[in-house]
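Q: I have a structure on the screen and do not know how to read it. Where do I begin?

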Protein chains: 2
Amino acid sequence: MTTTDRLTTAVIEADPEVPIIRITRDFRATPAQVLRAHTDPELFVRWNGPDSLTARVDYWDARTGGSWRFVHSDENGEYAFHGCFHEVGEDRIVQTFTWEGMPEHVSLETLRLEDLGDGWTRLHAQSLVDSFEGRNGWLESGMEVGVNEGYAKLDGLLGEGSVQA
Amino acid sequence: MTTTDRLTTAVIEADPEVPIIRITRDFRATPAQVLRAHTDPELFVRWNGPDSLTARVDYWDARTGGSWRFVHSDENGEYAFHGCFHEVGEDRIVQTFTWEGMPEHVSLETLRLEDLGDGWTRLHAQSLVDSFEGRNGWLESGMEVGVNEGYAKLDGLLGEGSVQA
C-alpha cells in the first residue's frame, strides 16, 4: 500500500441492512495518538466539528463509565451534545451521543483504531440509531462538512506534534 | 380496558426492520414506582433475572452520566453485566448494556413508562444492537424465562408494598 492509498478524505457509508453510519479515515499517527485526540478534552475541542464553530467542553470524564458534554457555538447560538462512555479501551471507544436539540434521539457510537503500520492508523467509526429515518436525517444534515473539516484539523494537530501518544 | 386486558406476561417482539427487541409489560403500580424498581440497586437485585440466579450490585450510580455493574450467580459461576446511564429521567431511562462474556457486543437500552391510569403502568423496553445475528442470538438464548420470572418477582415486591414512589 502506498501513501496514495490512504483515506485522507473520510469515507462515509450508510449500511444497507441496519440503521448505521460508518466512517473510515486514515491518519499519519499511532492508534494511541488518535485515541488520545478523542479522550483528551483540550485536544478534542481543537479539532472536533466544522471550521465555522468553536467547541468547548462542559464536562468530560473519558473512562469506562464516565460521561461527557460539549458545546459548539457560533454567532447564532449554541449546539450542545452529551453522552456517556460505555468503554474507553486502548483501541476502542464505545459511547452514547445525543444532540440536545433532539434529546429523544440517542445514538450508540463505536470507534475502533486499526494500526496500518508505517506510522498510519485507520479510524473506523460506527453510529447506530434506532430508525432508518433518523439515520438518513443525519446523512442529509451536511455532516460530511463537519467530519472532514474536523479531521483536517486533527491532521494539523498531529503534523505539528501536538498529540502525544 | 379491563384488568384482563393488562399484559401481565411480557410481550417480547423482534422488530422486522431494525435489530431491536421490544418488551411490553404492565404493572399494578405508578410509573414512579416502576422507575424506582429500575434505579434503586437494593430493589433491582431483588427482582432482576431468572429465579435460578441471585443478583448483586458491584457499582451503581443511576443518574444521567452514571454507570452500573451487576453480577448474577449460581452454583456454576458468575455472569457479569455493565453499562452506563445515558439518561435517567422521570419516565425514561436510556443506558448501555454488555454481558461481559461477549464484551464486544453492546446494546442501547431504552425504558419508557406509560401511565395507563387506574394504578397501572405499561413498561416499554427497547434493546437496539448492531446486527440481526446478535439480536436473534438474544431471542434464542431463552431470555423470556429471565424476563418473565424477573417481572413476576417485581409484581411481588409491588404487591407487598416494598416499592415506594
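What follows is a short dialogue about a predicted model.

Q: How are chain B and chain A related?
A: Two copies of a chain are related by a rotation about an axis and a shift along it. Here a turn of 180° and a shift of 0.0 Å along the axis lay chain B on chain A, with an RMSD of 0.0 Å. The two copies are therefore related as by a two-fold rotation axis.

Q: What surface do the copies use to touch each other?
A: The same surface serves both copies, since 100% of the contact residues of chain B recur in chain A. Chain B puts 28 residues into the contact, and chain A puts in 28 residues.

Q: How much area do chain B and chain A bury between them?
A: The figure is about 1900 Å², and 63% of it lies on carbon and sulfur atoms.

Q: How many salt bridges and how many polar contacts does the rule find across this interface?
A: For salt bridges between chain B and chain A, the rule finds 0. For polar contact, it finds 10 residue pairs across the interface, with both residues at pLDDT 80 or more.

Q: Which strands of chain B supply the side that touches chain A?
A: At least two residues each come from strand 5 (77–88), strand 6 (92–99), strand 7 (107–117) and strand 8 (120–128) of chain B. Strand 5 of chain B gives the most to that side, with 6 residues.

Q: Now the interior. Which residues have the most contacts inside the largest nonpolar core?
A: A nonpolar core is a set of buried residues of certain kinds, joined through side-chain atoms within 4.5 Å. The largest one here has 30 residues, and those with the most contacts inside it are A:Ile23, A:Phe27, A:Trp47, A:Trp68, A:Leu123 and A:Tyr151. Helix 4 (residues 143–159) of chain A provides the largest share of this core, 6 residues. A second, separate core has 29 residues, including B:Ile21, B:Phe85, B:Ile93 and B:Leu158.

Q: What is A:Tyr151 in contact with?
A: Leaving aside neighbours within four places in sequence, A:Tyr151 is in contact with A:Ala10, A:Ile23, A:Arg25, A:Phe27, A:Trp47 and A:Leu123.

Q: Last, a single charged residue. Where is B:Arg69, and what does it touch?
A: B:Arg69 is in strand 4 (residues 67–74) of chain B. Not counting residues up to four places away in sequence, B:Arg69 touches B:Val57, B:Asp58, B:Tyr59, B:Ala80, B:Phe81, B:His82 and B:Glu100. The side chains of B:Arg69 and B:Glu100 are joined by a polar contact of 2.8 Å.

How values were computed
Residues are numbered from 1 along each chain as its sequence is written. Chains are lettered from A and ligands numbered from 1 in the order in which they are written. This is a predicted model: local features need pLDDT of at least 70, side-chain atom pairs count only at pLDDT 80 or more; totals for chains, interfaces and linings use all residues. Side-chain values use heavy atoms; hydrogens and water are left out. Buried means under 20% relative accessible area, exposed over 50%, partly exposed in between (1.4 Å probe, protein chains only). Helices (H or I, at least four residues) and strands (E, at least two) are DSSP runs, numbered from the N terminus. Contact means heavy atoms within 4.5 Å. Copies are superposed by least squares on the C-alpha atoms of residues with pLDDT of at least 70 in both. Buried area is the accessible area (1.4 Å probe) that two parts lose on being put together, summed over both. A salt bridge is a side-chain nitrogen of Lys or Arg within 4 Å of a carboxyl oxygen of Asp or Glu. A polar contact is a pair of N or O atoms within 3.5 Å; within protein, one must be able to donate a hydrogen and the other to accept it, and residues adjacent in sequence count only if both atoms are side-chain atoms.
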